[in-house]
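Grab a pencil and work through these short exercises with the structure open beside you. Each one sets a task and then walks through a solution.

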Amino acid sequence: MQYIVGIDVGGMSAKSGLFSLEGELLCQACVKTNASDGFDKTVSNVAALVKELAQKANIAFSDVAAIGAGVPGVVNSQSGVVLRWSNFAWDNVPFAERLSALTGKPVYIANDANVAALGEARFGATSQYQSSILLTLGTGIGGGMVFDGKLLEGYQSAGAELGHITIREGGLSCACGRKGCYEKYASATALVRQTRHAMVENLQSGMWKLVDGKIQNVDGKTAFTAARQGDETAKKVIEQFVDYVAEGIADFVNILRPEAFVLGGGIANEGEEFFEPLRKAVDKRTYIAMDIVPLKIVGAKLGNKAGIYGAYSIAKDKII
Ligand SMILES: [Zn+2]
């Protein structure tokens with residue numbers, strides 16, 4: 001029996017899953033990567049994690065056929081070189097080659113957000129569609145595009161930075177150097193900021209009660225919860241936020257027209273109270289309406305396992 005290891009490498013920790021060749025998740029393990037200790041230490045921690053996973057699953061290490069990994073940053077998936085590792089000043093680090101040398105296995109890597117999109121497309125919410133785009137509304141907006149079952153990554157895999165299209169010209173400054181980026185308006189971070197702003201402007205809002213009068217307690221759920229209770233200020237916050245999310249989706253639809261969008265992050269758990277108005281807001285903005293060409297907008301299913309499923313998938317595609 002042969003196996004594939006899928007790894008989701010983060011700044012603080014790496015999650016891994018042992019898969020059968022057919023894609024059944026058999027065992028999981030996690031390790032602190034201590035990325036602040038440097039690149040060499042990070043790779044050796046990940047290599048140790050793979051060995052530990054095989055041990056935990058009680059299989060011979062020689063039965064691991066390949067390793068796939070999602071890595072944060074600009075990751076050239078052809079060469080296996082991380083051109084720029086997010087959050088650390090590591091440029092041009094040969095992650096795949098180094099991990100392969102330490103484990104004796106072929107290693108295939110791609111950007112972590114792209115890998116998560118592939119995971120959802122193969123095993124999650126969009127598995128029945130030929131083309132899908134994942135948007136994860138978190139601290140920023142991450143995502144990936146899958147067309148005809150393959151990742152659309154751009155030249156040297158440096159595209160698909162979906163959070164950095166401009167939706168408000170001259171708008172809020174983004175760390176990327178532009179103003180008005182999508183993620184400054186439609187991420188979970190943005191929703192929290194918008195909620196706080198509305199509360200300060202509306203001291204009578206029921207949202208104050210929800211957070212015990214402390215604005216630092218506001219999170220991505222505050223406005224949704226208050227809107228459900230009928231709070232008018234909260235309803236307006238959600239309405240505006242939905243419009244922001246729709247602006248970006250409509251742009252991607254007009255250019256790429258996937259069959260489906262899958263939204264990840266905590267906000268996607270708000271269910272139809274988020275998705276129903278979102279579909280309407282997107283439909284109002286797209287050039288080709290949904291009654292002419294259908295478009296699905298759904299919530300992610302795999303949660304934080306999307307990365308390991310996607311990592312399995314990139315390795316599986318290479319070795320089969
Ligand atoms: Zn930006």
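**Exercise 1: a bridge between two helices**

R285 and E247 form a salt bridge, with their closest N and O atoms 3.0 Å apart. Bear in mind that this is a predicted model. Work out which elements the R285–E247 pair links, and how accessible each partner is.

*Solution.*
- Step 1: place the residues. R285 sits in helix α9, and E247 in helix α8 (residues 232-256).
- Step 2: check the separation. The two are 38 residues apart, so the pair links distant parts of the chain.
- Step 3: look at exposure. R285 has a relative accessible area of 25%, which makes it partly exposed; E247, at 24%, counts as partly exposed too.

**Exercise 2: the zinc site**

Find the donors of the zinc ion and decide what geometry they make.

*Solution.*
- Step 1: list the donors. They are H164 (ND1), C174 (SG), C176 (SG) and C181 (SG), at 2.1 to 2.3 Å.
- Step 2: read the spacing. Along the chain the donors follow H-x9-C-x1-C-x4-C.
- Step 3: test the angles. Four donors count as tetrahedral if all angles lie between 85 and 135 degrees. Here the angles run from 103 to 117°, so the arrangement is tetrahedral.
- Step 4: compare two donors. H164 is partly exposed because its relative accessibility is 24%, whereas C181 is buried, at 0%.

**Exercise 3: a salt-bridge network**

Start from K150 and trace its partner D317, then see which residue joins them in a network.

*Solution.*
- Step 1: the side chains of K150 and D317 meet in a salt bridge (4.0 Å, N to O).
- Step 2: K150 lies in strand β11 and D317 in helix α10 (residues 306-319), so the bridge ties together parts 167 residues apart in sequence.
- Step 3: D317 is partly exposed, with a relative accessible area of 31%.
- Step 4: add R122, which is linked with K150 and D317 in a network of salt bridges. For the overall tally, the model has 12 salt bridges.

**Exercise 4: buried or exposed?**

Sort E270 and I292 by accessibility, and say what each takes part in.

*Solution.*
- Step 1: E270 is in the loop between β12 (260-264) and α9. Its relative accessibility is 10%, so E270 counts as buried.
- Step 2: the E270 side chain makes a polar contact with the side chain of R228 (2.6 Å).
- Step 3: I292 is in the loop between α9 (272-285) and β13 (296-299). At 63% relative accessibility, I292 counts as exposed.
- Step 4: I292 joins Y287, I288 and V293 in a nonpolar surface patch, with about 450 Å² of accessible area together.

How values were computed
Residues are numbered from 1 along each chain as its sequence is written. This is a predicted model: local features need pLDDT of at least 70, side-chain atom pairs count only at pLDDT 80 or more; totals for chains, interfaces and linings use all residues. Side-chain values use heavy atoms; hydrogens and water are left out. Donors are N, O and S atoms within 2.8 Å of the metal (3.2 Å for Na, K and Ca); water is not among the atoms, so sites may look incomplete. Four donors count as tetrahedral if all angles lie between 85 and 135 degrees; four count as square planar and six as octahedral if opposite donors are over 155 degrees apart and all others between 65 and 115; anything else is irregular. Buried means under 20% relative accessible area, exposed over 50%, partly exposed in between (1.4 Å probe, protein chains only). Patches are made of residues with over 30% relative accessible area and no salt bridge: like charges are joined within 9 Å, nonpolar side chains (Val, Leu, Ile, Met, Phe, Trp, Tyr) within 5 Å. Accessible areas come from the Shrake-Rupley method with a 1.4 Å probe; for residues, only the protein chains shown count as cover. Helices (H or I, at least four residues) and strands (E, at least two) are DSSP runs, numbered from the N terminus. A polar contact is a pair of N or O atoms within 3.5 Å; within protein, one must be able to donate a hydrogen and the other to accept it, and residues adjacent in sequence count only if both atoms are side-chain atoms.
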